[in-house]
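Work through these exercises with the structure open beside you. Try each task before you read its solution.

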Amino acid sequence: MPVLEVNHVKKIYKTKMGTNSVTALKDVHFSVEKGEFVAIMGESGSGKTTLLNILASLDVPTAGKVLVDGKDFSALKDGERAIMRRNNLGFIFQDFNLLDNFTIEDNIKLPLVLAGEDYKTMDAKVAPLVKELGIEQLLHKYPYEVSGGQKQRTAVARALITNPQILLADEPTGALDSKAATNLMHQLRDIHKSGQTILMVTHSNVAASYADRVMFIRDGEVFHQIYRGQMSRSEMLDKICESVTVLMRGGEDSES
Amino acid sequence: MNHNLLGNLALTGLKNNKKAVLPYILASAFTVMVMHILLSLIDSKYIMRDGVAVFKGANNIVMFVSIGSIVVGIFAVIFLFYGNQFVMKGYKKEIGLYGVLGLSRKNVSTVMALESLIISTSSIVLGVVAGAFMNKLMVLWLYRIIKQPFVSGMDFSLRGTMFTVIFFAIVFGICLIHNLLTIRLGNPIELLKSDNIGEKEPKVKYILLIIGTITLLLGYMIALSTDNTFVALGNLFKAMILVTIATYALFIAGSIFVLKLLKRNKKYYYQTKHFISVSNLMYRMKHNAAGLASICILSTGVILLLVCSTALFMLGEQNINSMFRRDVVLHAMNDEGVTLDEYDAVVTKAVKEAGISDSDRIVRKYYMDICNVSADGSIECYTKGSYDFTSMRVLYVLTLDEYNLYTGQKETLDAGEILRYSAGAKVKAGENLNIYGSDYKIKKKISSKCLEEVFDPSMSLFDEEIIVIADNAEKEKLLSQNPESFVGFDQVYVGFNVSKETSYEQIGILKDTIIKAPFEASVTYKEDERSTFYSIYGGIFFVGIFLAALFLIATVMIIFYKQMSEGFEDKKRFEILSNAGLSEREAKGVIKSQVMLMFFLPVATAIIHMIVASKIIRLFLGMILYVDTLTFNLAIIVVSLIFLGVYTLVYNITSKQYYNIVYGKEA
């Protein structure tokens, strides 16, 4: 069974008066298997963010369903959804979303604390993660004292600490320099190799080239997909660039 | 540049910041109103007409109201300046934006001046109009408090209004100048990149913590150990200063210290509620400790003022009745060999002449002196105690005949024996008491009842000693041993009640007749005293209520502005928490407990201060009137409860605002 099923999801935004409506997602339909690393690409305004918000259960689709591990999020109440979210999903954001009044350690522990876990078991969970991510020296520092790459790795640690079904990454390399971005992508690949399902939304061809599968979204629809198969990363990158070019040309065609 | 455009910019600016501007206008208008009311009262024809007091004690009222209006004036400056600064904070972005859009400094100044004009004009107009409407109501209320008969007619003081308008125009003008001087036509990028720079976790300021702890202990100790009215005033000031310092120091350093302790306790810290609250509070306290301490001090001030005025007022009648046991009292120093019968005869004549029907006449004579009680308990001349107020007593000496006459008892005494009452010391029959160097044997302990028909001895500032001695010869012998005293005399009181129909004219005739008598005597009339009394205490009460209301409004405004700025800071934080899986209900819980702690800490502290201070304040009030503990404590409880109620109401309204900002749907 796929770990994530997106069933003909549609999202229409209405203006306050209800006279105008904007279709953000026309008809998105795909599924993600357990252990897959999927990248979603698209121009700004393509509906990427809307899709991610719906996947993250931060927003509710107008039509269609999202099933995580076979369960429907949208049917739940607000409070239950928050609990579902913290049990099943881990998040990484472009701007890290770390709390500046918590140490790195406490930022990582946050989901555990929210889940009401016993503080004695927390350290045991944090230790291997921070070691793997190379931030074990920073635990007592504050976010403003560490680099962007380190902040994002903290965010990754925070996202993974609950062993989520899916790791959702929203433009994770967006605020990083190329070296830090490469580092982060290597780490995400390693995490994926250990069996973690990852769904990443990105602009970056390079970042997307680390994924098993790349989906292109345009005008609220899944427009195209690339599977890695036996391709190397550079072959994958070429393929992505090619597709992006096609996509852009198509976009120009439709405009003219 | 087009002036319409600038005007529109000013209006838009006000509209965009209405959440900060509206409370500012309302609070300012309230201040203006209070000032207007007080100034109009000073000028009111119902209090002083052409420089003549309309009723007895009206000049006291004018004095208190004048003092009150000065306090309001000083307060208004601080208060409006604080509010102005908060309002300007919200404007910073807008002003920067104007700069980016290409407005010159001059244009921005024009916009700001226009905005300031709108704010100040609306505040002043609102305040003055409200004040004018309230003015008559306030006169009526004041008349009620001071128990004057109702008057009709309208009253408007042009002078008061003019002064109010000019005063506040100047205050607002100063604010505007301050704002203009601090304009930064900043750099747009800096403005867009908001204040999201991380900051260090606050450190515990140990020195401040120690200072705070010491000053608090000292202040509390002084307040609790004071047991005497004479030192109460000095000690009260000392304690107030110490506790104020302690409040600031402990709010700033102590709060962080406690939070750090909580953070170190992992079991406590790593729980959903505590985890978020403790770290949030740490930063909130870093920024707000001083503000919260100010709220605490202001709250203490409000409670204190209200308690004192309420106590004064509630105990007024009781005090008058204790002080004046008879409606009319003639008092004379009996050093001219006039007999008691002669005094009585003069009173009889005067009463007849004035046509007054009198009853319950009493004639009393006491020897009264000030004495000092030495460390071993013996009574000596007041000059011996180097004027230490704490060991001074009022000494009454009566002969046995006088005592038996006044109390209707049939005591007997031999030479060298006395009856004794002491408010301070323990009296045991059979013991010896040394008075002015001679030993006397105490035959019996008596009560202070023998004095009560004329006045309540407990009203006196000094504790009293009553000595009953065998006869006049013994009395002479005793007093001759104390030649240094210059204040000891036989005091004669003739007191009687009059019927309700007695007019002031009759009392006037009575007084005139008594003045013509061949001895010097003064006459007090209870109604006169009552009027003076109420004009003083009613005046204090009246002005106290105004000041308390103003302090309360100030507190409310600080809370409101704090909540708003907190809200914007916490918004992002709770978004992140929500992403991490904090449900809205949990968030609400966390916000609630955190905000509750923030805002009830100052009031709780204020009430504790008040409870600790209750004794010293009661003693301090003892300088002007007798305060019984029960009524006073009742006043504290009632006032604290009312204050807590109002505060809770404010908290509810402002926390709703806060919640809207943090978790609301509006961006």
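The exercises below use a predicted model.

**Exercise 1. Judge the build of chain A**

Task: Find how many helices and strands chain A has, then decide how its radius of gyration fits the globule rule.

Solution:
- Step 1. Count the elements. Chain A holds eight helices and 10 strands.
- Step 2. Compare the radii. The radius of gyration of chain A is 19 Å, and the globule rule gives 18 Å for 256 residues. The two values are close, so chain A is as compact as a globular protein of that length.
- Step 3. Add the extents. The C-alpha trace of chain A spans about 60 × 45 × 35 Å along its principal axes.
- Step 4. Look inside. Of the 256 residues in chain A, 43% are buried.
- Step 5. Check the sequence separation. Take the contacts in chain A between residues at least 6 apart in sequence: 70% of them join residues at least 24 apart.

**Exercise 2. Place one residue**

Task: Is Thr50(A) buried or exposed?

Solution:
- Step 1. Locate the residue. Thr50(A) sits in helix α1 of chain A, residues 48-55.
- Step 2. Count its surroundings. Thr50(A) has 22 other C-beta atoms within 10 Å. The cut-off for a buried residue is 20 or more. Therefore Thr50(A) is buried.
- Step 3. List the partners. Beyond its neighbours within four places in sequence, Thr50(A) contacts Lys11(A), Ala24(A), Leu25(A) and Asp59(A).
- Step 4. Examine one pair. Thr50(A) and Lys11(A) are 39 residues apart along the chain, yet 8.0 Å separates their C-alpha atoms.

**Exercise 3. Follow a helix from core to interface**

Task: Which element gives the largest share of the side of chain A that touches chain B?

Solution:
- Step 1. Size up the contact. It joins 23 residues of chain A to 22 residues of chain B.
- Step 2. Name the elements. On the chain A side, α2 (78-88), α3 (104-114) and α4 (119-133) each give two or more residues.
- Step 3. Pick out the largest share. It comes from α2(A), with six residues.
- Step 4. Sort by type. The chain A side has 14 nonpolar, four polar and five charged residues.
- Step 5. Turn to the buried part of α2(A). Its buried residues are Arg81(A), Ala82(A), Arg85(A), Arg86(A) and Asn88(A). Their cover includes β4 (63-68), β6 (89-92), α3 and β7 (166-170) of chain A.

**Exercise 4. Join two domains**

Task: Which element of chain B gives the most to the side of domain 1 that touches domain 2?

Solution:
- Step 1. Mark the domains. Chain B is divided into domain 1 (1-194), domain 2 (198-324 + 526-667) and domain 3 (380-488).
- Step 2. Find the contact. In chain B, 27 residues of domain 1 meet 21 residues of domain 2.
- Step 3. Name the contributors. On the domain 1 side they include α2 (18-43), α3 (58-101) and α4 (105-145) of chain B. The most comes from α3(B), with 12 residues.
- Step 4. Sort by type. That domain 1 side has 19 nonpolar, five polar and three charged residues.

**Exercise 5. Describe a helix pair**

Task: How do α8 and α10 of chain B pack?

Solution:
- Step 1. Read the geometry. Helix α8 (residues 229-264) and helix α10 (residues 272-323) of chain B pack at about 175°, with axes 8 Å apart.
- Step 2. Classify the angle. Over 145 degrees counts as roughly antiparallel, so α8(B) is roughly antiparallel to α10(B).
- Step 3. Inspect the contact. Its residues include Phe251(B) of α8(B) and Leu281(B) of α10(B). They divide into 16 nonpolar, four polar and one charged.

How values were computed. Residues are numbered from 1 along each chain as its sequence is written. Chains are lettered from A and ligands numbered from 1 in the order in which they are written. This is a predicted model: local features need pLDDT of at least 70, side-chain atom pairs count only at pLDDT 80 or more; totals for chains, interfaces and linings use all residues. Domain bounds come from an automatic or database domain assignment. Two residues are in contact if their C-beta atoms, placed from the backbone, lie within 7 Å. Helices (H or I, at least four residues) and strands (E, at least two) are DSSP runs, numbered from the N terminus. Ala, Val, Leu, Ile, Met, Phe, Trp, Tyr, Cys and Pro count as nonpolar, Asp, Glu, Lys and Arg as charged, and the others, Gly among them, as polar. The radius of gyration is taken over C-alpha atoms; the globule rule is 2.2 Å times the number of residues to the power 0.38. A residue is buried if 20 or more other C-beta atoms lie within 10 Å of its own, exposed if 12 or fewer, and partly exposed in between; C-beta atoms are placed from the backbone. Axes are lines fitted to C-alpha atoms, for helices over the stretch in contact, and angles run from 0 to 180 degrees between N-to-C directions. Angles under 35 degrees count as roughly parallel, over 145 as roughly antiparallel, 65 to 115 as roughly perpendicular and the rest as oblique.
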